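Q: I should like to learn how to read the strands, helices and ligand site of a model. Where should we begin?

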Amino acid sequence: MQAMSVVNVWQDHYLAKTTPWDKGEASPGLIDFLGSRRVETGSVCVPGCGFGHDARAWAEKGFRVLGVDIAPAAVEWASTRARSEGNGAEFVCGDFLEDEPPIQFDWVFEHTCFCAIQPAQRTDYIRAVLRWLKPGGHYLAVNYIIPDVDGPPFGTCRSELLERFSSSFLLREEWVPRSYVNRSNLELMLLWQKRWES
Ligand SMILES: C[S@@+](CC[C@H](N)C(=O)[O-])C[C@H]1O[C@@H](n2cnc3c(N)ncnc32)[C@H](O)[C@@H]1O
């Protein structure tokens, strides 16, 4: 029942075309990451993928990508666009927090899904990342560092992220990325590796 209402809220936004989070392009921080590194290609899950711009950016670099979103309208739009571009990105409608993954992925890429869910669901979110990721796999996050408690988006800060993730992940790198104009200096990218024993 609760999951159903979450679906409806997001679906209604997509149907009404009230999607202010969508910038019509992939996260600049992700574009720079993919453009500046020699990262071995593999499988990537993009939870809360929306229209799929980030998922398509990974696919264009040769990764096998699955975007997951709870809103059917977003998944339909993302699938149609990816098919028309022929980049191989795939999309599925589902609840990232609850569903079992079809495989365990080499990468999970986070961009405005963590801030979209209720803060009370953050423990579930971390459990989900652990479930969807291979042991030793990487979790790359563009975190939205804002103070807001009245969301979505719900704010977070570096210390909360470190406290929540450190027991199951090793922090490999962190940096302030290039951002969309209205998010400049409000994002923090963290590259984590799932601990082998987690
Ligand atoms: C703020 S939007 C961000 C979309 C996209 N990442 C972007 O940056 O444009 C949050 C997205 O998360 C999706 N979402 C919310 N809860 C979810 C869940 N439990 N599982 C999968 N997707 C979810 C929503 O439908 C929405 O598309």
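A: Let us begin with one pair of residues: the bridge partner of V44 is W107, in β4. This is a predicted model, in which local features need pLDDT of at least 70, side-chain atom pairs count only at pLDDT 80 or more, and totals for chains, interfaces and linings use all residues. Residues are numbered from 1 along each chain as its sequence is written, and side-chain values use heavy atoms, with hydrogens and water left out.

Q: In which sense do β1 and β4 pair?

A: Two strands pair if DSSP finds at least two bridges between them; strands (E, at least two residues) and helices (H or I, at least four) are DSSP runs, numbered from the N terminus. Here β1 (residues 43-47) and β4 (residues 105-111) are parallel, with two bridges.

Q: What is the order of the strands in the open sheet?

A: The seven strands run β3-β2-β1-β4-β5-β7-β6, with mixed pairing. Because β3 (90-93) and β6 (169-175) each have a single partner strand, they stand at the edges, and one side of each is left without a neighbour in the sheet.

Q: Which residues of α6 are buried?

A: Buried means under 20% relative accessible area (1.4 Å probe, protein chains only). In α6, these residues are E160, L161, L162 and F165.

Q: Which polar contacts does the ligand make with H111 and T112?

A: A polar contact is a pair of N or O atoms within 3.5 Å. A polar backbone atom of H111 lies 2.8 Å from a ligand nitrogen atom, while a side-chain N or O atom of T112 is 2.8 Å from a ligand oxygen atom.

Methods: Buried means under 20% relative accessible area, exposed over 50%, partly exposed in between (1.4 Å probe, protein chains only). A polar contact is a pair of N or O atoms within 3.5 Å; within protein, one must be able to donate a hydrogen and the other to accept it, and residues adjacent in sequence count only if both atoms are side-chain atoms.
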